[in-house]
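Colleague: I should like to understand how the terms used for this structure are justified. May we go through them in turn?

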Amino acid sequence: MRNFPKSWDPLKDYKDIEAINFWKKSLDLYGDDPEELARQRKVLEKKARDHARTPMQWNAGPNAGFADEGVKPWMRVNDDYREVNAEKQLSDNGEGLSVWQFWQRGLANRKMHKDVFTYGDFEDVGAESEEVFAYVRTGKESGKWLVVLNFSGKEVRWEMPKNIEVQGWMAGNYTKGKPDKSLKDSVALHPWEGLLGRLV
């Protein structure tokens, strides 16, 4: 589930008393200063606990399946419930990898290669970067594995260190199968993409 939209009215749609009081105070203090009020709104949007309290989005039906049609849930259902819901995550609709499917695959890899992902050694690799975090995990039985994570909303190219030799990309969060990516020199990463590669 995602945070609810920025268009929601803090006095009408938020339920958390701290968030409501913060917004009332901001209106009192900065009501005549649109620039400062906009800054306060950004703070509220980041700190509001209500993002995690919206009704569970079970399906694309009325009230996202959280409550029967005609029943008003304790809080507004997130506007994106038709696209983001548990039923859609569990279905294999050919649209790519759902978050649920991604985590199922990740947990299966962790179970299969416990010596690496639970007990293995950890080593940062690559140049320091604001966008990309990369590391190697090493196990006694399953060898070395590379994890490359793009923490930005833009496409980036990650330069592989000379001592890294990728045998193959085993998983990623953009494809159901094995990602078709460069195995040497550098790799192009989509926004927010994560890759898991087996090293030689």
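Modeller: Certainly. Arg-53 has a relative accessible area of 32% and is called partly exposed. Please bear in mind that the model is predicted.

Colleague: Why is Arg-53 called partly exposed?

Modeller: Buried means under 20% and exposed means over 50%. The value for Arg-53 is 32%, which lies in between, so the residue is partly exposed.

Colleague: What makes the contact of Arg-53 with Asp-16 a salt bridge?

Modeller: The rule asks for a side-chain nitrogen of Lys or Arg within 4 Å of a carboxyl oxygen of Asp or Glu. The closest N and O atoms of Arg-53 and Asp-16 are 3.6 Å apart, so the pair qualifies. Arg-53 lies in the loop between H2 and H3, and Asp-16 in the segment before H1, 37 residues apart. Both belong to a network of salt bridges that also includes Arg-49 and Asp-50.

Colleague: Why is Asp-16 classed as it is, buried or exposed?

Modeller: Its relative accessibility is 5%, which is under 20%, so Asp-16 counts as buried.

Colleague: How do you know that Lys-88 and Glu-83 form a salt bridge?

Modeller: Their closest N and O atoms are 2.8 Å apart, within the 4 Å limit, and therefore the pair counts. Glu-83, at 53%, is over 50% and so is exposed. Lys-88, at 22%, is partly exposed.

Colleague: How many salt bridges does this rule give?

Modeller: The count comes to 11.

Notes
Residues numbered from 1 in each chain as written. Predicted model: local features only at pLDDT ≥ 70, side-chain atom pairs only at ≥ 80, totals over all residues. Heavy atoms only, no water. Helix = DSSP H or I, 4+ residues; strand = E, 2+ residues; numbered from the N terminus. Buried < 20%, exposed > 50% of the residue type's maximum accessible area, 1.4 Å probe, protein only.
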